[in-house]
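Hi,

Here is the structure I promised to pass on. Have a look at it first, and then read on for what turned up.

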Number of protein chains: 2
Amino acid sequence: MTKNRSKNETKRKQILASATHLFTEQGYASTSMALIAKHADVSKQTVYSHFGSKEELFSAAIEQKCDSSILLDFAQVTLTDPHATLLAIAKRFFAMITSKEALAVHKICAFEAKSYPQLSELFYQAGPERLTAEMAKLLVEFNDKGLLSIENPHFAATQFLHLVKGEAWMRIEFNTQYQLSEQQIDQYISSSVDLFLRGYAPIN
Amino acid sequence: MTKNRSKNETKRKQILASATHLFTEQGYASTSMALIAKHADVSKQTVYSHFGSKEELFSAAIEQKCDSSILLDFAQVTLTDPHATLLAIAKRFFAMITSKEALAVHKICAFEAKSYPQLSELFYQAGPERLTAEMAKLLVEFNDKGLLSIENPHFAATQFLHLVKGEAWMRIEFNTQYQLSEQQIDQYISSSVDLFLRGYAPIN
DNA sequence: AACTAATTAGACTACCTAGTCCATTTTAGG
DNA sequence: CCTAAAATGGACTAGGTAGTCTAATTAGTT
């Protein structure tokens, strides 16, 4: 019955990829539908046939990016001593948040937080909130084993993640002239893990 | 000799104030020169007579904001015990970075960091860098008095400030649905000061 | 009062924007 | 192979943009 020729899924993906790239790179206002079409090697009409409007496309693009580029697999973490575990997590966390993609989506979500609160909410839940929850679970385990003494695991989790993010991430965010070297970043992360462990060391 | 009627300094200030307000509120691309002129109750031509172009006006606006709204007077801090001192600084620091003005200038500098690196550099130096330096000086004093045991005061200063900023600030940045209450913020800040102090407690 | 530069409103250029329309071509399912 | 829908490109509307220009007005300095 349905002689419907279905819309080309490949084209949809091309459009979405181009939109994501351009929106995160240049922002919403500075990115035109014509440019997205050209970049996706597709006609403008096709863009409008897949996504009804610029706003719709923007939402779809950011939502997709929130799903795909804010990942940190805690299952991979092997639980040994707190120091080794936290250091490993810290390094992977830092690598993730300083990836081009994560930086780009962070930037635009923060900037458009007033205009598109549902998108920044989405980002916050997919990113910081989810990670904090996983981190808190981990800290509870250490606490239960008596390896750390943590009263409020959620607070502690956010403190840990913000410590690790800290200075080095901010310099990248602001694209400052003097960026920290890999060695300095390792030192900073290591120093933050140490601070955290001393601050939450079990009382004995 | 100069029969020049000098340009009205009041108008210049009006223009700058309007530009700052609109740029920080809506961003560079979405703010038009016509709107700035109207908002400043001035003709468009006058805007161009005071500031040659949109870019020039943008720079002037952000530069002015960096000077005026990222201030934290450390001289007011009375040095007593570390806990009281750091808690007082933490609270004032947090209040400053969550002010509308500081949030707005932070947002736009981060967003335009790629397009206007000199502006984000300016912000970074006027804000985070200056504060970190002052904080580090303070920590050195505590260290010298044997009240804290800090190896790298610069690291420690950034760690302290990022701990305090942490979760609560991020929720504001992303305009999330559930904001922390004043009480929760106080708890979080207090908990972060405690963590910092335990982590850098002198060894005895 | 006279001179001169600042300021004004508004027209104007040249260009970009989101979104629509339409005639044509491509393509995939039946 | 046929047909219906997808995709195309280009014209088009209606509106916004930065920046220039002009002629008239205002106001400070001498």
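To start with a question: which residue forms a salt bridge with A:Lys65? The partner is A:Glu101, and the closest N and O atoms of the two are 3.0 Å apart. Bear in mind that this is a predicted model. The pair links distant parts of the chain, with A:Lys65 in helix H4 and A:Glu101 in helix H6, 36 residues apart. The two ends sit in different surroundings: A:Lys65 has a relative accessible area of 14%, so it counts as buried, while A:Glu101 is partly exposed at 39%.

Chain B has its own version. B:Lys65 forms a salt bridge with B:Glu101, at 3.1 Å between the closest N and O atoms. B:Lys65 lies in helix H4 (residues 54-68) and B:Glu101 in helix H6 (residues 100-111), so this pair ties together parts 36 residues apart in sequence. B:Lys65 is buried at 14%, and B:Glu101 is partly exposed at 38%.

Over all chains the structure holds four salt bridges. One of them is formed by B:Arg171 and B:Glu167, whose closest N and O atoms are 3.1 Å apart. These two are four residues apart in helix H8 of chain B, so about one helical turn separates them. Both ends are buried: B:Arg171 has a relative accessibility of 11%, and B:Glu167 has 5%.

Now for the rings. There are 21 aromatic pairs over all chains. In one, A:Phe58 and A:Tyr116 meet edge-to-face, 5.0 Å centre to centre with 65° between the planes. A:Phe58 is in helix H4 and A:Tyr116 is in the loop between helix H6 and helix H7 (117-144), so the pair ties together parts that are 58 residues apart in sequence. Both rings are buried, A:Phe58 with a relative accessible area of 1% and A:Tyr116 with 7%. They belong to one aromatic cluster along with A:Phe23 and A:Tyr28. A:Lys54 lies over the face of A:Tyr28, 4.4 Å from the ring centre.

Helix H4 of chain A also holds A:Ala61, which is buried with a relative accessible area of 0%. Leaving aside residues up to four places away in sequence, A:Ala61 touches A:Leu16, A:Ala19, A:Thr20 and A:Phe23.

And how do the two chains fit together? Chain A can be laid on chain B with an RMSD of 0.1 Å by a turn of 180° and a shift of 0.0 Å along the axis. That is the relation of a two-fold axis. Of the residues of chain A, A:Gly199 comes closest to that axis, at 2.0 Å (C-alpha).

At the interface, 43 residues of chain A are in contact with 43 residues of chain B. The area buried between them is about 4,100 Å², with carbon and sulfur atoms giving 62% of it. On the chain A side, A:Phe111, A:Tyr124 and A:Phe174 lose the most area to chain B, together 18% of what that side buries. Because 100% of the interface residues of chain A are also interface residues in chain B, the copies meet through the same surface. How many salt bridges are there between chain A and chain B? The count is zero.

Cheers

Methods. Residues are numbered from 1 along each chain as its sequence is written. Chains are lettered from A and ligands numbered from 1 in the order in which they are written. This is a predicted model: local features need pLDDT of at least 70, side-chain atom pairs count only at pLDDT 80 or more; totals for chains, interfaces and linings use all residues. Side-chain values use heavy atoms; hydrogens and water are left out. Copies are superposed by least squares on the C-alpha atoms of residues with pLDDT of at least 70 in both. Contact means heavy atoms within 4.5 Å. Rings of Phe, Tyr and Trp (its six-membered ring) pair if their centres lie within 6.5 Å; planes under 30 degrees apart count as stacked, over 60 as edge-to-face and the rest as tilted. Buried means under 20% relative accessible area, exposed over 50%, partly exposed in between (1.4 Å probe, protein chains only). A charge sits over a ring if NZ of Lys or CZ of Arg is within 6 Å of the ring centre and within 35 degrees of the ring normal. Buried area is the accessible area (1.4 Å probe) that two parts lose on being put together, summed over both. A salt bridge is a side-chain nitrogen of Lys or Arg within 4 Å of a carboxyl oxygen of Asp or Glu.
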